[in-house]
Amino acid sequence: MTNNKAVLDWVQEMVAMTQPDQVVWIDGSEEQLDALRREAVSTGEIELLNQDLLPGCYYHRTAVNDVARVEDRTFICTPTKEEAGPTNNWMDPAEMYAKLKGLYTGCMKGRTCYVLPYSMGPVGSPFAKYGIELTDSIYVVLNMNIMTRIGQKVLDALGDSPDYIKGLHAKANIDPENRYIVHFPQDNTICSINSGYGGNVLLGKKCFALRIASYLGRDEGWMAEHMLILGIENPKGEVKYIAAAFPSACGKTNLAMLIPPEYYRKKGYKVWTVGDDIAWIRIGEDGRMYAVNPEYGFFGVAPGTNEKSNPNALASTRKNTIFTNVVKTADGGVWWEGLDKNPPKGVNNWKGEPWDPSDGSKGAHPNSRFTAPAKNCPCISPEFENPKGVPLSAIVFGGRRAKTAPLVYEARDWNHGVFIGSILASETTAAATGAVGVVRRDPMSMLPFCGYNMADYFQHWIDMGKKVAKDKQPKIFNVNWFRLDDEGNFLWPGFGDNLRVLLWMLDRCEGKVDAVETAIGYLPKPEDINIEGIDYKIKDGKMFDESVLKELLSIDTQSWLDDVENIKEFYAKFDPARLPKELKENLAKLEQNLKASK
Ligand code: GTP
Ligand code: SPV
Ligand code: MN
């Protein structure tokens, strides 16, 4: 399939180490993919779902101990520990290569090694980057076929160039004690072993498009971010684009596909999805920031997805989709918590065990997922494949905060916006193994995904801002859809109604509304967030109204001062010489402002 010596030599070397019985190159043809689907069905690796209900759809269960990203087993192996920084696990590259060699040697005996060429970004576009993943999992090949552009066309576009990202994945024994997800940024290499779960094994996604790409982007003057990209079309037909960084399982897919509330739909507003997880951002010829989605599909959280919360995501999963760790129903359909109020009876849970929904246990894993082609999405943007990307009007950061963070606020300027991103905090979710619901700092939602020292990453953000003229810089905002009342109910309706907040942002970008200057940044005047038509019950006897909006826009100075102490502790992890002075200045200013407003 290729004469590329750099590719052939590397494949040969990896095959000699892993010792598969066969090597199969993936050309991307439907015939080959279909044969693989049949083979995986015959071995039970995947199950065919009801083809009348869900044509082209398959079902998969992972090992019970292998259901999420493993941050404690994810490494950035730069030559020095300082390059990886205090927020990444690090090991000396030579030591790690030796350890991995021990684990990989002979691990594909009796198996087939698939050689999978893939592209992040449209093949042949100047912005695309290519990778080759070696894997012994048909499930991985089939998922990568949905999530990326694969096959012969990628090798043709790569030609003789040695400029590709090497990825070696082996399931081995799915042994959690020897599970490693390792990045060697200087070698353009990713090694993954002993997992079969999404983000650990679909190497084009978090490993390449974020960890390796963030490293490349710093050197090459662009940015790889954990962001959705959406377009908002107004009744005049003008479309403005927003990118938003929220930590895992904090609402990117939902916001990217939102359906405007009826009030806005009637007026002619539309939302277009460009991406739901990853944005590569470059400065375009006109000096503005442009974002592309390097992916080709959605690897979305299933629980909570329903006809009301996210009909576009649901519609995207009705054909040619792979479901992982959800419930398979008796008629060959799928179910998960939050799909509807009728859990199927007499079927197995995601673990494959008999399951009784009335005992309170969950049928689907909280991090169960669908892998759906982006082109299935009813609101996929016409610009989805535009190799130049879309111009950004605004950048949004957000997390899950029960208290403290208001519904929305705006940065005073780019550097203040970088500061706001750097202090992003959120409650942990089921998307990674470990405790759920613990507040942690997750700068730019990149804590698990930054491929180098995060202090240098902050500096890169500051530097990128300097390359863009002030009037062309996207405005930066922070949002929190997850504020709770004292009984744990969401105060804000969320989902489609989030558009109301995005429209305030666009009004700010166009200079159409004023804001209130506060200690933390600019807040909306409550009357500038349109709440007409909101019909949201917070709890029995309490409907959303203007007073709730005011509460959502209030700032509790003491809890912010407590947060400042926490931010200081977080910043103290970094080498003070590396942490940008602009961030330290903004932290000092925040503290000073809060004290003055007390
Ligand atoms: P990753 O794929 O892990 O990066 O997640 P994501 O950021 O795309 O999150 P997603 O949109 O899948 O949402 C995760 C969970 O948050 C789902 O259970 C949603 O139902 C819930 N969620 C999303 N948006 C909102 C919102 O506006 N309000 C509330 N209350 N919940 C939301
Ligand atoms: C996330 O955890 O942010 C995801 C899912 O998007 S995974 O691909 O597993 O990383
Ligand atoms: Mn994600």
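# Salt bridges, a manganese site and a ligand pocket

Gly251 has a backbone N or O atom placed 2.9 Å from an oxygen atom of ligand 1. The model is predicted, and the distances and areas below are computed from it. Three topics follow: the surroundings of ligand 1, the manganese ion, and the salt bridges.

**Around ligand 1**

- Two side chains also make polar contacts with ligand 1: a polar atom of Asp277 lies 3.0 Å from an oxygen atom of the ligand, and a polar atom of Arg400 lies 3.1 Å from an oxygen atom of the ligand.
- On its own, ligand 1 exposes 660 Å², and the protein buries 91% of that area.
- Helix H9 (252–256) and strand E17 (297–301) are the elements that give two or more residues to the shell around the ligand.
- Helix H9 gives the most to this shell, with three residues.
- There are 22 residues around ligand 1, and the ones that come nearest are Ala249, Lys252, Thr253, Asn254 and Arg369.

**The manganese ion (ligand 3)**

- Three residues coordinate the manganese ion, through Lys206 (NZ), His226 (NE2) and Asp277 (OD), at 2.1 to 2.5 Å.
- Along the sequence, the spacing of these donor residues is K-x19-H-x50-D.
- Lys206 belongs to helix H8 (residues 204–220), while Asp277 sits in the loop between strand E14 (270–275) and strand E15 (279–283); the pair is 71 residues apart and links distant parts of the chain.
- Both Lys206 and Asp277 are buried.
- Six donor atoms surround the manganese ion, and the arrangement is irregular because their angles run from 64 to 174°.
- For comparison, six octahedral donors would ideally have angles of 90 or 180 degrees.
- Asp277 appears in two settings: it is a donor to the manganese ion, and its side chain has a polar atom 3.0 Å from an oxygen atom of ligand 1.

**Salt bridges**

- Side chains of opposite charge can pair when their charged atoms come close.
- The count for this model comes to 39 salt bridges.
- One network of salt bridges links Lys205, Lys206, Lys252, Asp277 and Glu295.
- Members of this network recur in the topics above: Lys206 and Asp277 coordinate the manganese ion, and Lys252 is among the residues that come nearest to ligand 1.
- Arg401 and Asp563 form a salt bridge in which the closest N and O atoms are 3.3 Å apart.
- Arg401 lies in the loop between strand E22 (390–398) and strand E23 (408–410), and Asp563 lies in helix H16 (residues 557–571), so this pair ties together parts that are 162 residues apart in sequence.
- Arg401 is buried, at 12% relative accessible area, and Asp563 is buried as well, at 10%.
- Glu591 and Lys595 meet in a salt bridge with an N to O distance of 3.0 Å.
- These two residues are separated by about one helical turn, because they stand four residues apart in helix H17 (residues 581–596).
- Glu591 counts as buried, at 15% relative accessibility.
- Glu30 and Arg37 are joined by a salt bridge between their side chains, at 3.1 Å from N to O.
- Glu30 is partly exposed, at 46% relative accessible area, whereas Arg37 counts as buried, at 15%.

Methods. Residues are numbered from 1 along each chain as its sequence is written. Chains are lettered from A and ligands numbered from 1 in the order in which they are written. This is a predicted model: local features need pLDDT of at least 70, side-chain atom pairs count only at pLDDT 80 or more; totals for chains, interfaces and linings use all residues. Side-chain values use heavy atoms; hydrogens and water are left out. A salt bridge is a side-chain nitrogen of Lys or Arg within 4 Å of a carboxyl oxygen of Asp or Glu. Buried means under 20% relative accessible area, exposed over 50%, partly exposed in between (1.4 Å probe, protein chains only). Donors are N, O and S atoms within 2.8 Å of the metal (3.2 Å for Na, K and Ca); water is not among the atoms, so sites may look incomplete. Four donors count as tetrahedral if all angles lie between 85 and 135 degrees; four count as square planar and six as octahedral if opposite donors are over 155 degrees apart and all others between 65 and 115; anything else is irregular. A residue is near a molecule or strand if one of its heavy atoms lies within 4 Å of it. A polar contact is a pair of N or O atoms within 3.5 Å; within protein, one must be able to donate a hydrogen and the other to accept it, and residues adjacent in sequence count only if both atoms are side-chain atoms. Accessible areas come from the Shrake-Rupley method with a 1.4 Å probe; for residues, only the protein chains shown count as cover.
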